[in-house]
Amino acid sequence: MAELAGVYAASHGPMIVRNWEKLSATERNGLTLAFSELGRRIRAARPDVLVVISPDHWVNFFIDNLPAICVGVGEVHDGPPEPWLHEFPHRSLPGHPALAEHIVRHAVEHDFEPSVSYRLALDHGFCIPLWKAGLDPLPAIVPVIFNDLEPPFPSVKRCFDWGAMLAQAVASFPGKLRVGILATGGLSHSIGEPDMGRIDEAFDRDCIRRFERGDPRALIDFLNERLPSAGNGASEVRNWVAAHGAAHGRGFELIRYDPIPNVYVGCGFAAWNVSARS
């Protein structure tokens, strides 16, 4: 049977790449250390496959066709289409159709209804963490797109439950496989709004403390109350919530947090102890 080898989270703000030369030495050093430690932990877990949970930034979907959740089941995925990611070393990324299709079947059998795609383009949300964490060679990737961009969003509780279901799907996969889960996005940020660039550090630190405490109900209640005021980009924390669900709501460890105005994001990096239980 397959094994859940590790669960991780990382910010993916595009300005991490686009504004790199404008960052202070301290900011660059902090991000480098965070991504390096994330990569070290992922490599140590030796995943054959990474299930990567990220939003789609209007690359595959738009408001005329916007699924709440979509699973990429293809044998290969396209690399990032953004011109400023031309140095990303992979024009295509390997998929794992057998695991992806198993996840979809398991989801449907357990009252979830994901969309599916046989060919996705993986934008910066997927590719910046994979790249900056130094994952080379890449494991196979199963992309899972959450709609974090345009309401109505999947509820915070639904995202937690989706993560728990995902862990069950991995555990029931009949092949011998080591599987990691990487949630990308967040923390607080505002994009394309009058307060663009605002980072709500108080929200971020309160949110991190609730992940650390491991009480799913308290975390869900906090996010239901506070997410709307933490910037439109903070909705991506739903991806972290799914990772938390996959780790049974326990075992969160913050790797690093830095509020960096030059990348417009409260940048967070984390890992979960997947042997912990609620």
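Which residues in α5 are buried? Hold that thought while I say what we're looking at. This is a predicted model, so local features need pLDDT of at least 70 and side-chain atom pairs count only at pLDDT 80 or more, while totals for chains, interfaces and linings use all residues. Residues are numbered from 1 along each chain as its sequence is written, and side-chain values use heavy atoms, with hydrogens and water left out.

Okay, back to the helix. In α5, the buried residues are Val156, Cys159, Phe160, Trp162, Gly163, Met165, Leu166, Ala167, Ala169 and Val170. Buried here means under 20% relative accessible area, exposed means over 50%, and partly exposed is in between, with a 1.4 Å probe and protein chains only. When I say helix, I mean a DSSP run of H or I with at least four residues, and a strand is a run of E with at least two, numbered from the N terminus.

How far apart are the end C-alpha atoms of α5? They are 25 Å apart, which agrees with the 24 Å that its 17 residues, 156-172, should span at 1.5 Å a residue. That expected span is 1.5 Å times one less than the number of residues.

One residue of α5 has a partner far along the chain: alanine 169 and arginine 105 are 64 residues apart in sequence, but 8.8 Å apart in space, C-alpha to C-alpha. Arginine 105 sits in helix α3, residues 97-109, and it counts as partly exposed at 47% relative accessibility.

Now the sheet. It's an open one with 8 strands, in the order β6-β3-β7-β2-β8-β1-β10-β9, and the pairing is mixed. Two strands pair if DSSP finds at least two bridges between them. At the edges stand β6 (115-117) and β9 (252-260), each with a single partner strand, so one side of each has no neighbour in the sheet.

Let's zoom in on β3. With β7 (residues 140-146), β3 shares 3 bridges, and those two run antiparallel. With β6, β3 also has 3 bridges, but here the strands run parallel. Valine 71 is a nice one to click on: its bridge partner in β7 is valine 144, and its bridge partner in β6 is valine 116.

In a regular strand the side chains alternate between the two faces of the sheet. You can see that here: Ile69 and Val71 point one way from β3, Cys70 and Gly72 point the other way, and all are buried.

Over at the other edge, 8 bridges join β9 to β10 (residues 265-272), and these strands run antiparallel. One pair to look for is arginine 256 with its bridge partner in β10, phenylalanine 269.

On to charges. How many salt bridges does the structure hold? There are 13, where a salt bridge is a side-chain nitrogen of Lys or Arg within 4 Å of a carboxyl oxygen of Asp or Glu.

Take arginine 178 and glutamate 3, whose side chains meet at 3.2 Å, N to O. This pair links distant parts of the chain, with arginine 178 in β8 (residues 178-184) and glutamate 3 in β1 (residues 3-10), 175 residues apart. Arginine 178 is buried at 19%, whereas glutamate 3 is partly exposed at 42%.

Arginine 41 and glutamate 253 make another salt bridge, at 3.0 Å, N to O. Again the parts are distant: arginine 41 is in helix α2 (residues 25-45) and glutamate 253 is in β9, 212 residues apart. These two also belong to a network of salt bridges that links Glu37, Arg40, Arg41 and Glu253.

For contrast, look at glutamate 201 and arginine 205, with a salt bridge at 2.8 Å, N to O. They are 4 residues apart in helix α6 (residues 201-213), so about one helical turn separates them.

Last stop, the backbone. Most residues other than glycine have a negative phi, and most peptide bonds are trans. Here are some that go the other way. A cis peptide bond joins proline 151 and proline 152, with omega about 10 degrees, and proline 152 is in the loop between β7 and α5. The bond from glycine 186 to leucine 187 is cis too, with omega near 0 degrees.

As for phi, aspartate 111 has a positive value near 70 degrees. Aspartate 111 is in the loop between α3 and β6, and it's exposed, at 58%. Histidine 248 has a positive phi as well, near 65 degrees, in the loop between α8 (237-246) and β9.
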